[in-house]
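Visitor: Before we discuss particulars, please display the sequence and the model. I should then like to put several questions to you.

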Amino acid sequence: MFTRIMSMSSIKGRLGLPCLSTVSYSTGIPSFKKDYTRQAAIAQNEIFHGTNIFDYRQAYRLALDAKKKDKTYRHFNNINRLADEFPRAHTSSPKDRVTVWCSNDYLGMSRNPVVLDRMTKTLSKYGAGAGGTRNISGHNQHAVDLERICARLHKKEAGLVFSSCYVANDATLSTLGAKLPNCTILSDSMNHASMIHGIRNSRANKIIYAHNDMEDLERKLASLPLEDPKIIALESVYSMSGSVAPLEIVCDLAERYGAITFLDEVHAVGMYGPHGAGVAEHLDFDAHRNYSGKGGTILDRIDIISGTFGKAFGCIGGYIAGDAELIDFIRSYAPNFIFTTSLPPADMAGAAAAITYQIEYPEDRILQQLHVRELKEKLHNANIPVVPNPSHIIPILVGNAELAKKASDLLLARWGIYVQAINYPTVPHGQERLRVTPTPGHTSELQEELTEALTDVWQTLGIKTVADWERVGGFLGVGDPKVTKPSPLWTKEQLAGLKSTPGT
Ligand SMILES: Cc1ncc(COP(=O)(O)O)c(C=O)c1O
């Protein structure tokens, strides 16, 4: 048998288990790194049972136990969001109702009648699946139309659709980093896993700059040869903190040091800008609103934008938009675009309908912003610790993994309110939180209920309030006298002055 003729050390080597000379363990069990000799000896013994046949289940169990022990094991709740009762859902029992407060279906577009109608008709006419990769039989009018709409949304020459934005980010950064000679990718320290993966997969030189720290970014850009290609990879709205990147300075630096910009607008498309194109559009609000043409806006200066159809647009899939040559280059070289079945026609038609709707009707995102302001105010008055930011995301600081999970469980059990706890590795240890995302459907009454529920849960579990954080000098901007409250990206005038423009 194969395992019998291999030496123990070569089996371990092949499986990524530690041999005597290595100190890391590829299953990622954290404690192995801390105490290699004792832990590794125990684990090897448990995995091999004194034989040379690998015990796969035991390896899985050990890794899972490590997660359970440090309270980062992920529990999924069975939550079935109901299109007709948004933002309500039923649990595993179809009769039990809960209110969902943590969905990224920010605008409720997953149940928008225009989207549903388009999807239903497309499904009946063109069937369930695309039938293949884009190269074989998955290229169709829906893909062409959707890519045209994505390009138009961001005022770029072309767009390219992927099965998700995770794939879009990974494919674009890994292909660019691998194919551009001597390329360096400069990545914000809070970037999403999809970008981190893409950068790693590219094997290009990677430099991390401190989150939103433009001095650090400039220092690092200046250290690189001007003639070498560089990509600055960042997000506009950071999903776990709600912080917003200083895009104008990023564009200035990119131009000064010969870099291109890759901007993930996943949490901003549909949500910001007169047409829902994201923060880059929002920052030149009046110019875009009045269609004062191309030239010199931040949107024009950003080289590549990635977005998702899965959050504010309520559907599924991801995309990039940029220059025609760039798009053709990724289309031609990225394996994660080439070798996978394309999105079903109905999904692409639904996404196209959702974007077009949001280009024409800003009312949903305006109401969403108004609800965010109102809820932030209510939570502030109730002494609930919200990490300050200028965006639509409401991160409520807990600061402990076990307490965050308990708070989430108690909200569900006692109040019928669903807010998932956010733990490591999504946020660093000690920064655990509840991430609340109001939608146009989260009325004042629902906000009052949430505020009352959080106050009750905070008291029951003894979680730190704003006043408690103040006493320890503040944390993440909560209870920190040095931090001033950022102004919201949407100004009062923008919220009051923007009207629908059907047929644009
Ligand atoms: C910042 C960011 N980028 C990319 C993605 C991936 O998008 P998708 O859900 O379309 O794969 C996410 C998903 O949560 C995200 O938060």
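Guide: Helices (H or I, at least four residues) and strands (E, at least two) are DSSP runs, numbered from the N terminus. The model is a predicted one, in which local features need pLDDT of at least 70 and side-chain atom pairs count only at pLDDT 80 or more, while totals for chains, interfaces and linings use all residues. Residue numbers start from 1 along each chain as its sequence is written.

Visitor: What percentage of the 504 residues in the protein chain is buried?

Guide: The chain contains 22 helices and 14 strands. A residue counts as buried if 20 or more other C-beta atoms, placed from the backbone, lie within 10 Å of its own, as exposed if 12 or fewer do, and as partly exposed in between. By that criterion the buried share of the 504 residues is 45%.

Visitor: How far apart are the end C-alpha atoms of helix 6?

Guide: The expected span of a helix is 1.5 Å times one less than its number of residues. Helix 6 (residues 113-126) has 14 residues, so a span of 20 Å is expected. The model agrees, with the end C-alpha atoms separated by 20 Å.

Visitor: What arc around the axis do the buried residues of helix 6 cover?

Guide: An α-helix has 3.6 residues a turn, so residues three or four places apart point the same way. In helix 6 the buried residues are Val 115, Arg 118, Met 119 and Thr 122. They lie on the same side of helix 6 because their arc, taken from the directions from the helix axis to the C-beta atoms, is only 95°.

Visitor: Which exposed residues does helix 6 carry on the face turned away from its buried side?

Guide: The buried residues have cover that includes helix 17 (345-360). After the helix comes Gly 127, with a positive phi near 85°. The face turned away from the buried side carries Pro 113, Asp 117, Lys 121 and Ser 124.

Visitor: Is Gln 369 buried or exposed?

Guide: Gln 369 is part of helix 18 (residues 363-381). Beyond its neighbours within four places in sequence, it is in contact (C-beta atoms, placed from the backbone, within 7 Å) with His 392, Trp 490 and Leu 495. Because 22 other C-beta atoms lie within 10 Å, Gln 369 is buried.

Visitor: Which helix gives the most residues to the shell around the ligand?

Guide: A residue is near a molecule if its C-beta atom, placed from the backbone, lies within 6 Å of it. Of the 14 residues around the ligand, those coming nearest are Ser 164, Cys 165, Tyr 166, His 192 and Thr 308. The largest contribution, 3 residues, is that of helix 8 (residues 165-179).

Conventions
Contact = placed C-beta atoms within 7 Å.
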